[in-house]
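I opened this notebook to record what I looked up, going from single residues to helix packing and then to charged pairs.

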Amino acid sequence: IFTLALTAATLIPHIGITIGGARRWINFIAFSFQPSEILKLGFLVYLSAWLATLPKKISIKKSFFPFLAIISAPSILLILQPDISTLGVIIVIAIAIYLYSGAPLKNLIILGLIIIVALAILIKIEPYRLNRWAIFLNPEADPLGKGYQIKQSLIAVGSGGIVGKGLGLSDQKYGYLPQPFSDSIFAVIAEETGLLGSLCVVTLFFTFAFRGLMISQTYNTKNVEDKFKSLLSVGIVTWITFQAVVHIGANIGILPLTGIPL
């Protein structure tokens, strides 16, 4: 409730601030912050706690409709901001935990159809979302406009070579890469540390994911059975790893650009 209230506060005039056409931040005295980042954790803990109370065989009536209701509250707030990237992360977290909790496959098929319909509606409302896919497929179509960020990102990644230019020596982060401290940070890492440094970062994330899933399994045995901790571990691993995959994929041009930081 607290994290939902914070996220809702971004929509209140004089409390939420607008940057780039989106109301995602709260101005608090000398700094601003993005409540949706706190919402991810609050949602994750709440969903894990609720699913942990359900029996192993989950019916549609007792799980699926309440599950949709739990997802709907943050979804509506994030669509109003709008922050579809964060919404995507929350949906992926929810599906991962729900699937791991033993949800029937038919429930996930129904959920998938609902997501496809919702995505089609969101694209219809704001056509720029479809433009991102068009630029992803053909960044050369508008290299100084919509394709500018991915072009500059690929220049940064490519100019890093094998060993990079050295820490702090990126050229692209000075006036070329948009948001080099967040949305384009992996491109800067690749430019400064090269292929070797980039592979180290990717390896660390996958090691984190592997170890996190192993920890989850330790709470899902006959000797130690704690469904809440097991679900929470899976959710945290999914959250951080999925964000890393999307961010890195967008920076090297194999996924469409999003506003997801590393």
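I note at the outset that this is a predicted model, and I read every entry below with that in mind.

**Entry 1, Thr10.** I began with the backbone oxygen of Thr7, which I found 2.6 Å from a polar atom of the side chain of Thr10. Thr10 itself sits in the loop between helix H1 (2–9) and strand E1 (16–19). I then asked whether Thr10 is buried or exposed. With a relative accessible area of 0%, Thr10 is buried, because the cut-off for that class is under 20%. The side chain of Thr10 also makes a polar contact of 3.1 Å with the side chain of Gln81. Leaving aside residues up to four places away in sequence, I listed the residues that Thr10 touches as Gly16, Arg23, Arg24, Trp25, Ile26, Pro35 and Gln81.

**Entry 2, backbone geometry.** I kept in mind that most residues other than glycine have a negative phi, and that most peptide bonds are trans. Gln81, already met as a polar partner of Thr10, came up again here, since the peptide bond from Gln81 to Pro82 is cis, with omega near -10°. I placed Pro82 in the loop between helix H3 (60–80) and H4.

Next I turned to His14, which is not a glycine and yet has a positive phi of about 75°. His14 lies in the loop between H1 and E1, and at 83% relative accessibility I recorded His14 as exposed. Gln179 is another residue other than glycine with a positive phi, in this case near 50°. I found Gln179 in the loop between helix H7 (148–159) and helix H8 (185–218), where its relative accessibility of 37% makes Gln179 partly exposed.

**Entry 3, H4 against H5.** Two packed helices are described by the angle between their axes and the distance between the axes, and I looked up both values. Helix H4 (residues 84–100) packs on helix H5 (residues 105–125) at an angle of about 175°, and the axes are 12 Å apart. H4 is therefore roughly antiparallel to H5, the cut-off for that description being over 145 degrees. On the H4 side I noted Ile84, Ile91, Ile95, Tyr98 and Leu99 in the contact, and on the H5 side Asn107, Leu108, Leu111, Ile115 and Leu122. Sorted by class, this contact of H4 with H5 holds nine nonpolar residues, one polar residue and no charged residues.

I also checked Gly88, which lies in helix H4 and is partly exposed, with a relative accessible area of 28%. The C-alpha atoms of Gly88 and Ile260 are separated by 10.0 Å, although these residues are 172 residues apart along the chain.

**Entry 4, salt bridges.** How many salt bridges does the structure hold? I recorded six, and I looked at several of them in turn.

Glu37 forms a salt bridge with Lys40, with 3.0 Å between the closest N and O atoms. Both Glu37 and Lys40 lie in helix H2 (residues 35–52), three residues apart, which is about one turn of the helix. I checked the accessibility of each partner and found Glu37 partly exposed at 29%, whereas Lys40 counts as buried at 2%.

The side chains of Lys165 and Glu191 meet in a salt bridge of 2.9 Å, N to O. This pair links distant parts of the chain, with Lys165 in the loop between H7 and H8 and Glu191 in helix H8, 26 residues apart. Lys165 is partly exposed at 31% relative accessibility, while Glu191 is buried at 0%.

In the salt bridge of Lys173 with Glu192, the closest N and O atoms are 3.0 Å apart. Here again the pair links distant parts of the chain, with Lys173 in the loop between H7 and H8 and Glu192 in helix H8, 19 residues apart. Lys173 is partly exposed, with a relative accessible area of 24%, and Glu192 is buried, with a relative accessible area of 9%. Last, I noted that salt bridges sharing partners join Lys165, Asp171 and Glu191 into one network.

Key. Residues are numbered from 1 along each chain as its sequence is written. This is a predicted model: local features need pLDDT of at least 70, side-chain atom pairs count only at pLDDT 80 or more; totals for chains, interfaces and linings use all residues. Side-chain values use heavy atoms; hydrogens and water are left out. Helices (H or I, at least four residues) and strands (E, at least two) are DSSP runs, numbered from the N terminus. Buried means under 20% relative accessible area, exposed over 50%, partly exposed in between (1.4 Å probe, protein chains only). A polar contact is a pair of N or O atoms within 3.5 Å; within protein, one must be able to donate a hydrogen and the other to accept it, and residues adjacent in sequence count only if both atoms are side-chain atoms. Contact means heavy atoms within 4.5 Å. Axes are lines fitted to C-alpha atoms, for helices over the stretch in contact, and angles run from 0 to 180 degrees between N-to-C directions. Angles under 35 degrees count as roughly parallel, over 145 as roughly antiparallel, 65 to 115 as roughly perpendicular and the rest as oblique. Ala, Val, Leu, Ile, Met, Phe, Trp, Tyr, Cys and Pro count as nonpolar, Asp, Glu, Lys and Arg as charged, and the others, Gly among them, as polar.
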